[in-house]
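Let's take a walk through a protein together, one stop at a time. Have the sequence and the 3D view ready as you read.

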Amino acid sequence: MHRDLQQRHRSSTLRFWAVDGTCKKVETTDIVIFYGGAYVVKGRLELQDTPPIIQYEESEPEDDSSLVAYLPISSEELTMIDPEDRFVVNDAERISLSGLDTSLMLLAEIFLLYRGASNIDHPHILLWDHSLSSVLANATPNIRKLRFAGTEIAGERIWYPDLLVGYSKPWNSELGVPSKKSHRLWERAIAKIFESPNYTLNIRDFSIDVGLSQPVVETQIRLIWECNKYGKKFEGKNPDDALVKKEGNILTLNPQYLHSSDKIRRMYEFFCNRFFVYKDPSVLLYDRVDETNNRRERFLSTDEISFLLAIGLRLTFENCWRNGVMLIGVVKDSASTYFTNHYLGVLKHKGVFNFTPRRIPTTDRLTFERIPFIDDSLRGPWASTEFDAVFMTLRMRKEWEADEPTLQGVRGDVLIQPNLIMRTLVQFHLVRDPPMEPSMGHVIFVDRLVHPNNIPPRIHIISGDRDLGTVEPFWFRDASVRNREQEYIIYLLSVLTRNVFPEVIGYPDPLHHADRGAKSVLKMVEPMLYSSERLNRANPLHRTLRQLRGGG
C-alpha cells in the first residue's frame, strides 16, 4: 500500500492539513457581535517507515482565518426564515435564527480548504471536521432571491446569469456531474453548454440524454433563457441579457457570460480575502444597483453567505480533482439513519437486497456499535461498504394515505448531487481481550470526494421519472467488490488515529489537535468580544429589562 500511495502522489512523504473551526455570538440590545474562525493543523506522513512516522509543523500567520463582525440588529437582514413561515418573537430569537456565527465559521473553514487545494505546494490529504455531503446539501440558497445581481465586486459587475453558472459547478463529464436528476436540471444544461465546442445545446438531444420528455425538460431549465441579468423572469420570452439565446430547440450561450466561472471565482476570493486575510468586516456591507439604477447599501444576508459557502466548496472540489488532493470529511456523533434506513431501504425495494426487516437501534452509529458484539471475528479498523451521498436524500417514504412506500427525495424531488461523494461508517478502535468485553471507540462517518481517475461502479435506481429524473448512484455491493480508494482512506486515517487522547479514542489525532487549537483561539478572543460591550453596560437603556433584572 505504501508503494501505491507513493506512486499515486509521486512522493514518499504525504503532507496533510486538518481543519476545524469555532464560532461565538455576543448579543446586546442594538448590536450583535459575531465571531467565526478556522484553525489548521499541518503535518507530514513519512511512508518510508512502517508504520509511517507523523510529524507536525508549526502554524504560520497566514493560516489564520477568523473574523469578528459588529452588526446592527435588523430583522430583514438577520432572519433566515421567511416571516410568513415563522413568527419571530424578539431580537434574541431573531439573532439565534440567523445562524450567522456558524455561517462565518463554515466560510472560514472552507476558505482554508480552498487555499490548501489550490496552493502550488498543496497538501496531499485534506481532513475536515464536517460532512462534505451535509454542507453541500445545506448550502442551497435560492439563487433568484440573491441580491448580488447588479453589484460591483472587485471592479466587476455581477449578474444573475453569472450566479447560475457559478452555482452549477462542479463540472466533470467523466463522473457525470452535474447528474441527470430532475431537480435543478438546469445545472446539467449549463455544464453541457460550456462543454460544447460552440457553446450550444440542442434541447431535443438533451431530453434524450436525461430520459425526460422535451416539455418536462423545458419546464425544468427555462430559467436560463427566461430570466434577465437581474433575475427577473419573463414567462415565454427570451430577454437579450439572458444567459442563453433560444432559437427553436437550440440554446446558444450569450457571449457576455463566457467568463462567468472565472468571475464568480474572483468574487469568492474577494469576499474571503477581505474577511479572513485583511480582517475587514465592512465587506459584509455592499452596494447594490437595482433595475431602476437606484443604489442601496445592504448587509450580506444568510442566503448570500450560504451562496459563498456553496461556491467555495464547489471550487475546492475542482481544485482537488486538478491537483490530485484527497478530500476527506469526518463526522462524529451522527444521529442519522442514511445507511440502515435510506440506503438499505431503497436497495431492498429495488430487489438488490433481500432481508427481513427487524427492529434495530435508532441510528446508524448505534447499530454499527452493536455489531462487534454479534460478530466476534471483527477487528479494528473495520467499515461498512461505501454508499453514494445521494442516499442522504433518496429514501422510501410512505404517505399517510398510501398503501405502499414510494421512492422520494426531500420535499418530494430534492436530491443532493449523486456521483460526487461517497460515505462509509468506520470504527478505528476495536480491541478484543477475552473474557473481557471488547474495547471500542465510537463509529464515525467518513466522506470522501470521488476522483475521476478511479470511478466506482454504478447502480440504476430510477430513470425518466418526472419528479426525480434519472438517478444512477455509485455503489459497492459488499466486501467481495474491491474498493481501493476506501482502503487508502481507512489506512491513512487509521495511521493518523494514534489513540493518545483518552477522550477521543478512535478519532484522527490531527482533527483533535485542530479542534483544540480552534477552541484555544476562541478562549483568547472571547474576553475581547465581551469587553466590546462594556460601554453599553454603562447605559441601562442599551440593555433589555430581562438583562437588567437578571444582572447579566
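Before the first stop, a word about names: helices and strands are DSSP runs, and they are numbered from the N terminus. Keep in mind, too, that this is a predicted model. Taken as a whole, the protein chain has 18 helices and 23 strands. Of its 552 residues, 54% are buried. Now look at contacts between residues at least 6 apart in sequence: 69% of them join residues at least 24 apart.

Our first stop is Arg458, which sits in the loop between β21 (444-449) and β22 (462-465). Is this residue buried or exposed? The answer lies in between: Arg458 counts as partly exposed because its relative accessibility is 35%, and the partly exposed range runs from the 20% limit for buried to the 50% limit for exposed. Which residues does Arg458 touch, leaving aside those up to four places away in sequence? They are Glu174, Leu175, Gly176, Asn419, Glu472, Pro473, Phe474 and Trp475. Take Phe474 from that list: 16 residues along the chain separate it from Arg458, but the C-alpha atoms of the two are 4.3 Å apart. The side chain of Arg458 also has polar partners. One of its polar atoms lies 2.9 Å from the backbone oxygen of Leu175. In addition, the side chains of Arg458 and Asn419 make a polar contact at 3.5 Å.

Next, turn to the second largest pocket, with a volume of about 960 Å³. It is lined by 35 residues, and those closest to its centre are Phe339, Thr340, Tyr343, Leu344 and Phe368. Four elements each give two or more residues to this lining: α13 (338-349), α14 (364-374), β14 (382-383) and α15 (484-496). Which element gives the most? It is α13, with 7 residues. Sorted by class, the lining of this pocket consists of 18 nonpolar, 11 polar and 6 charged residues.

One of the pocket's contributors, α14, is worth a longer look. Its buried residues are Asp364, Arg365, Thr367, Phe368, Glu369 and Pro372. Phe368 is a name you have already met, among the residues closest to the centre of the pocket. Around them, the buried residues of α14 pack against α13, β14, β18 (421-427), β19 (430-431), β20 (439-440) and β21. You may recall β21 as well, since it stands at one end of the loop that holds Arg458.

Now find helix α6, residues 160-167. How many of its residues are buried? The count is 8 of 8, so the helix is largely enclosed by the rest of the structure. These residues are Tyr160, Pro161, Asp162, Leu163, Leu164, Val165, Gly166 and Tyr167. The elements that cover them include β7 (156-158), α7 (186-195), α10 (223-226), α11 (260-277) and α12 (302-323).

Let's move on to charges. Side chains of opposite charge can pair when their charged atoms come close. This structure holds 27 salt bridges. In one of them, Lys24 pairs with Glu526, with 3.2 Å between the closest N and O atoms. This pair links distant parts of the chain, 502 residues apart: Lys24 belongs to strand β1 (residues 13-27), and Glu526 to helix α16 (residues 509-531). Lys24 counts as partly exposed because its relative accessibility is 22%, and Glu526 is also partly exposed, at 24%.

A second salt bridge joins Glu46 and Arg44, where the closest N and O atoms are 3.7 Å apart. Here Glu46 is buried, with a relative accessible area of 13%, whereas Arg44 is partly exposed at 25%. Arg157 and Glu152 form another salt bridge, at 3.4 Å from N to O, and Arg157 is partly exposed with a relative accessible area of 27%. Salt bridges can also share partners, as they do in the network that joins Asp4, Arg482, Arg484 and Glu487.

For the last stop, return to strand β1, where Thr22 lies. Thr22 is buried because its relative accessible area is 10%, and buried means under 20%. Beyond residues up to four places away in sequence, Thr22 touches Tyr35, Gly36, Gly37, Met105, Ala518 and Leu522.

Conventions
Residues are numbered from 1 along each chain as its sequence is written. This is a predicted model: local features need pLDDT of at least 70, side-chain atom pairs count only at pLDDT 80 or more; totals for chains, interfaces and linings use all residues. Side-chain values use heavy atoms; hydrogens and water are left out. Buried means under 20% relative accessible area, exposed over 50%, partly exposed in between (1.4 Å probe, protein chains only). Contact means heavy atoms within 4.5 Å. A polar contact is a pair of N or O atoms within 3.5 Å; within protein, one must be able to donate a hydrogen and the other to accept it, and residues adjacent in sequence count only if both atoms are side-chain atoms. On a 1 Å grid over the protein atoms alone, a cavity is a set of points where a 1.4 Å probe fits but cannot get out, and a pocket is an open set with protein on both sides within 12 Å along at least five of seven lines; lining residues have an atom within 4 Å of a point. Grid points are joined across faces, edges and corners, and a volume is the space filled by probe spheres set on the points. Ala, Val, Leu, Ile, Met, Phe, Trp, Tyr, Cys and Pro count as nonpolar, Asp, Glu, Lys and Arg as charged, and the others, Gly among them, as polar. A salt bridge is a side-chain nitrogen of Lys or Arg within 4 Å of a carboxyl oxygen of Asp or Glu.
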